[in-house]
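User: I should like to go through the strand and helix packing of this model. Could you take me through it?
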Amino acid sequence: MVTPSNALVDIWRTIGGDSAALARVSLTGAEPAQPSSFKTGTIAQATIAASALAASEVDRTRNGRAQKVAVDMRHAAAEFVSERLYTIDGKPPAWAWDKIAGTYQTGDGRWVRLHTNFPHHRDGILDMLGVPYDREQVTAALKRWTGQDYEDQVARRGLVGTMMRSPAEWAAHPQGAAVAALPLMEIVKIADAPVQALPPSARPLSGVRVLDLTRVLAGPVCGRTLAAHGADVLRVTGPHLPDIPGLDVETGRGKLSAHIDLRGAEGKATLAGLLKSTDIFVQGYRPGGIAERGFSPEQAAGIVYVSLCAWSHVGPWARRRGFDSLVQTATGINRAEAEVAGVDKPVELPCQALDHGAGYLMAAGAITALKRRAEIGGSWLVRVSLAQVGHWLTGLGRVPDGQKAAKIDRGAVQDLLVDLPSAFGTMSVMSHAGRLSETPPQWDRPSVALGTHAAAWPMA
């Protein structure tokens with residue numbers, strides 16, 4: 001049986017952490033932490049603990065402190081649904097999934113999922129199906145498709161959508177086989193570069209500069225985590241790109257936010273200028289997208305480059321777009337949950353576990369690579385994908401009667417919430433579950449609207 005401690009050891013070994021550091025970690029609580037047959041509490045606790053332990057290790061290198069790390073499973077599981085629990089001035093955010101997003105049955109009896117929260121993805125699907133923006137007409141149209149034809153056509157058009165598979169079907173799929181052959185994540189040295197030592201500091205990541213070029217949800221969670229340990233995080237997005245305000249507000253804690261349009265020479269020059277004094281660059285653009293703008297790992301020399309994708313960097317789906325819910329559907333997770341529930345339609349996990357898990361793994365990898373740069377130099381690439389996280393989750397085993405656990409709601413976690421100022425009012429939000437004994441995580445900057453700040457680093 002895989003315990004949370006086992007899961008943390010697996011992550012720590014994968015990223016090459018010092019095994020002696022594990023003795024400073026305390027994990028409390030037990031499954032089931034959420035209503036699922038999968039170990040969502042374990043993945044929450046282990047990934048958050050890995051990011052916190054990585055922060056404590058950098059702090060030990062910089063300041064000589066061997067801080068203790070504590071993560072409670074109930075707290076960690078609640079943080080995995082943080083975007084559903086926060087309020088502004090006592091009211092929940094006014095945001096919801098698009099009205100045609102979700103699952104549908106095709107003419108051959110297969111189930112497919114549409115992800116239409118971004119307007120261009122929604123419009124592309126409607127054009128492909130030849131119907132107006134109406135759920136009933138989308139339902140009728142998909143009855144004229146097979147599940148496989150839908151998935152194939154979505155991919156040809158560069159849209160997002162998947163067909164539900166069983167775990168066995170995914171394991172037999174070429175992309176499933178490619179993912180299964182990979183480790184959970186990778187930290188790769190891609191070039192030599194001088195050592196860049198980290199000076200003594202008040203907090204583990206004080207003075208560390210992070211460019212966060214990510215959206216929807218894993219990447220922003222990574223940036224929020226780095227900010228919680230003291231990093232200067234600058235969230236960068238294009239003024240023309242769609243967003244989901246409810247998510248941006250919640251994950252924007254601790255960050256600066258600037259607009260840069262990378263479609264033109266001026267925007268590229270601005271980002272290139274920022275990169276010259278950046279320590280960590282985090283990107284989650286479609287596969288190959290940011291490289292086309294001139295910002296591949298090899299072009300961003302001397303830094304820690306963190307890259308997120310949906311399906312991994314290898315295999316026939318490597319360049320496909322995807323989101324957490326789509327990966328759950330394609331890889332057999334929704335089918336496995338449905339079988340336990342005794343229903344024939346997809347059943348989602350009770351949280352975006354792949355997104356959140358990937359976000360904390362990205363943070364753990366980024367901090368670990370930063371420590372290596374400070375000790376031995378080099379340019380480092382951290383690779384994380386939602387599909388690899390999903391494969392790891394399914395390998396942790398199942399929770400008997402786990403679906404009977406109570407759903408996490410605000411009333412059950414009042415003791416874990418904190419009030420923070422923001423540009424939108426007082427936010428009541430989930431505190432960070434990765435507790436360090438001497439430098440408790442906190443967010444020093446309020447959440448603001450996208451593009452609020454200049455595209456520049458703050459004065460030292």
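Analyst: The sheet comes before a pair of helices in what follows. This is a predicted model, in which local features need pLDDT of at least 70, side-chain atom pairs count only at pLDDT 80 or more, and totals for chains, interfaces and linings use all residues. Residues are numbered from 1 along each chain as its sequence is written, and side-chain values use heavy atoms, with hydrogens and water left out.

User: In what order do the three strands of the open sheet lie?
Analyst: The order is 4-5-6, with antiparallel pairing. Strands (E, at least two residues) and helices (H or I, at least four) are DSSP runs numbered from the N terminus, and two strands pair if DSSP finds at least two bridges between them.

User: Which strands stand at the edges?
Analyst: Strand 4 (102-105) and strand 6 (161-163) do; each has a single partner strand, so one side of each lacks a neighbour in the sheet.

User: How many bridges join strand 5 to strand 6?
Analyst: Three bridges join strand 5 (residues 111-114) to strand 6, and Val112 stands opposite Met163 in strand 6.

User: Changing topic, at what angle do helix 16 and helix 17 pack?
Analyst: Helix 16 (residues 353-376) and helix 17 (residues 386-394) pack at about 105 degrees, their axes 9 Å apart. Axes are lines fitted to C-alpha atoms, for helices over the stretch in contact (heavy atoms within 4.5 Å), and angles run from 0 to 180 degrees between N-to-C directions. The two helices are therefore roughly perpendicular to each other (65 to 115 degrees).

User: Which residues of helix 16 meet helix 17?
Analyst: Leu354, Asp355, Ala358 and Leu361 in helix 16 meet Leu386, Val389, Gly390 and Leu393 in helix 17.

Terms used:
Parallel < 35°, antiparallel > 145°, perpendicular 65-115°, else oblique.
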